[in-house]
Amino acid sequence: MATLVAIGYPDETTATAASQEANRLAKDLIIQPDAIAVITRDREGKFRVTTNHHAVAGGTTWGMFWGLLFGMLFFIPILGMAVGAGLGALTGKLAKGAINKEFQERIRDELQPGTSALFLVVEAVTPDKAVEALSQFGGTVLKSSLPKETEAELQEALHGGEQN
């Protein structure tokens, strides 16, 4: 089972620094490198999303997942694109409980103007290792498990049926 981890920071810069450490962890195979995103909310309340996504099988990207997730969480259009039926259905699943309501509310509360957050999708065997390695940056850690069915659908949508 995969876990969605969000770590909120009280300023606009720490999430970016933490993402650099997360990218280093990706080299150690603790975190998938494409499953890392930073969202910053400036003092005026505007969101800025940074990912390091790359195209995968079928041209779908983790960027699409992040866009769908952040659009759902913060009601902001991250990606100006048409969403295929598979990802459209996945968005509905994410919104209807795959990511629990408490997690959604807590991350919305956490990401106030002038703050930032690091988002990671990690395998169930490594979330604690990833969080521990990033603990030097402080922050508020929130986790939400993705049900196996949703995780399989996510992998299908992102990788065109190729499981990693």
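Visitor: What is the relative accessible area of Thr50?

Guide: This is a predicted model, in which local features need pLDDT of at least 70 and side-chain atom pairs count only at pLDDT 80 or more, while totals for chains, interfaces and linings use all residues. Residues are numbered from 1 along each chain as its sequence is written, and side-chain values use heavy atoms, with hydrogens and water left out. Thr50 lies in strand E3 (residues 47-51); strands are DSSP runs of E with at least two residues, helices are runs of H or I with at least four, and both are numbered from the N terminus. Buried means under 20% relative accessible area, exposed over 50% and partly exposed in between (1.4 Å probe, protein chains only), so Thr50 is partly exposed, with a value of 41%.

Visitor: What pattern does the chain follow along the sequence?

Guide: The chain contains six helices and five strands. Read from the start of the sequence, they give the pattern β-α-β-β-α-α-α-β-α-β-α.

Visitor: Which helix gives the largest share of the largest nonpolar core?

Guide: A nonpolar core is a set of buried Ala, Val, Leu, Ile, Met, Phe, Trp, Tyr and Cys residues joined through side-chain atoms within 4.5 Å. The largest one has 21 residues, and among those with the most contacts inside it are Trp66, Phe74 and Phe119. Two or more residues come from each of strand E1 (2-9), strand E2 (36-41), helix H2 (62-74), helix H4 (101-110) and strand E4 (115-123). The largest share, seven residues, is given by H2.

Visitor: How far apart are the end C-alpha atoms of helix H1?

Guide: The expected span of a helix is 1.5 Å times one less than its number of residues. For the 14 residues of H1 (residues 14-27), this gives 20 Å, which agrees with the distance in the model, 21 Å.

Visitor: Within what arc do the buried residues of H1 fall?

Guide: The buried residues of H1 include Ala15, Ala18, Ala22 and Leu25, whereas Gln20 and Lys27 are exposed on the other side. An α-helix has 3.6 residues a turn, so residues three or four places apart point the same way. The arc is taken from the directions that run from the helix axis to the C-beta atoms. The buried residues of H1 line one face of the helix, because their arc is 165°.

Visitor: Around the axis of H5, what arc do the buried residues cover?

Guide: In H5, Pro127, Ala130, Val131 and Leu134 are buried. The face turned away from them carries the exposed residues Asp128, Lys129 and Glu132. The buried residues are on the same side of H5, because they cover an arc of only 95°.

Visitor: At what angle do H1 and H5 pack?

Guide: Axes are lines fitted to C-alpha atoms, for helices over the stretch in contact, and angles run from 0 to 180 degrees between N-to-C directions. Angles under 35 degrees count as roughly parallel, over 145 as roughly antiparallel, 65 to 115 as roughly perpendicular and the rest as oblique. H1 and H5 are therefore oblique to each other. Their axes are 10 Å apart, and the angle is about 135°.

Visitor: How far is Ala117 from Arg41 in space, C-alpha to C-alpha?

Guide: Ala117 is in strand E4 and counts as buried, with 0% relative accessibility. Along the sequence, Ala117 and Arg41 are 76 residues apart, but their C-alpha atoms are separated in space by 8.8 Å.
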